[in-house]
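Thanks for sharing this one with me. Here are my notes, point by point, for you to read beside the structure.

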Amino acid sequence: MKWLEQFNVGDDCPVFDGLYSLCQTSAGGSVGGVVNLNNGSCDVVVNWDDGLHHAKRCGAPGFFYVNDIVLAILELLKHHNRV
């Protein structure tokens, strides 16, 4: 998995079996929560499993692999002019 080094995955963000599934679940929690906000199913959502990172557009340095907050914001912008 040498190719992952270009994304700064390996040292601070180690590669392990199940990594892709973990990222799907974690980011999916943020995006899924926002979908529920957008469709009026709830007023507040919290993804306790995320917010553990310092992800950047150009890499994944810090504690996690996915910049889920950007994914959630993009989903919010589908229904709101400002976030």
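Where is the place of Asn39? Asn39 sits in the loop between α1 (19-38) and α2. Please keep in mind from the start that this is a predicted model.

1. **The chain overall.** The protein chain has two helices and zero strands. Of its 83 residues, 29% count as buried. The accessible surface comes to about 6,000 Å², and carbon and sulfur atoms account for 58% of that. Looking at contacts between residues at least 6 apart in sequence, 51% join residues at least 24 apart.

2. **Asn39, in the loop.** Back to the residue I began with. Asn39 has a relative accessible area of 48%, so it is classed as partly exposed, the class between 20% and 50%. Along the chain, Asn39 and His79 are 40 residues apart, and 9.1 Å separates their C-alpha atoms.

3. **Asn38, in helix α1.** Asn38 belongs to helix α1. Is Asn38 buried or exposed? Asn38 is buried, because its relative accessible area is 15% and buried means under 20%. The side chain of Asn38 also makes a polar contact, at 3.3 Å, with the side chain of His80. Setting aside neighbours within four places in sequence, Asn38 is in contact with Glu75, Leu76, His79 and His80.

4. **Val34, also worth a look.** Val34 is found in helix α1. With a relative accessibility of 5%, Val34 counts as buried. Which residues does Val34 contact, leaving aside its neighbours within four places in sequence? They are Val45, Ala72, Glu75 and Leu76. You may also like to trace Val34 to Val46: the two are 12 residues apart along the chain, and their C-alpha atoms are separated by 9.4 Å.

5. **Glu75, in helix α2.** Glu75 has its place in helix α2, which covers residues 68-76. Not counting residues up to four places away in sequence, Glu75 touches Val31, Val34, Val35 and Asn38. Two of these residues have come up above: Val34 and Asn38 both lie in helix α1. Glu75 counts as buried because its relative accessibility is 15%, and the cut-off for buried is under 20%.

6. **The salt bridge.** How many salt bridges does the structure hold? There is one. As a reminder, side chains of opposite charge can pair when their charged atoms come close. Here the side chains of Lys78 and Glu75 meet, at 3.0 Å from N to O. The side chains of these two residues are also listed as a polar contact, at 3.0 Å. The two partners fall into separate accessibility classes: Lys78 is exposed, with a relative accessible area of 60%, whereas Glu75 is buried at 15%.

7. **The nonpolar patch.** Which residues form a nonpolar patch on the surface? The patch is made of Ile69, Val70, Leu71, Ile73, Leu74, Leu77 and Val83, with about 580 Å² of accessible area together. Val70 is one of these residues, and it lies in helix α2. The relative accessible area of Val70 is 37%, so Val70 counts as partly exposed.

8. **Cysteines and disulfides.** A disulfide is a covalent bond between the sulfur atoms of two cysteines. How many disulfides does the count come to? The count comes to zero disulfides, where the rule asks for a pair of cysteine sulfur atoms within 2.5 Å. As for surroundings, Cys23 counts as buried at 14% relative accessibility, while Cys42 counts as partly exposed at 23%.

9. **Putting the pieces together.** If you have time for one view, I would centre it on Glu75. From there you can pick out its contacts with Val34 and Asn38, then turn to its salt bridge with Lys78. From Asn38, the polar contact with the side chain of His80 can be followed next.

Technical notes. Residues numbered from 1 in each chain as written. Predicted model: local features only at pLDDT ≥ 70, side-chain atom pairs only at ≥ 80, totals over all residues. Heavy atoms only, no water. Helix = DSSP H or I, 4+ residues; strand = E, 2+ residues; numbered from the N terminus. Buried < 20%, exposed > 50% of the residue type's maximum accessible area, 1.4 Å probe, protein only. Polar contact = N/O pair within 3.5 Å; in protein donor to acceptor, adjacent residues only side chain to side chain. Contact = heavy atoms within 4.5 Å. Areas by Shrake-Rupley, 256 points an atom, 1.4 Å probe, with all protein chains shown as cover. Patch = residues over 30% accessible without salt bridge, like charges linked within 9 Å, V, L, I, M, F, W, Y side chains within 5 Å. Salt bridge = Lys/Arg side-chain N within 4 Å of Asp/Glu carboxyl O.
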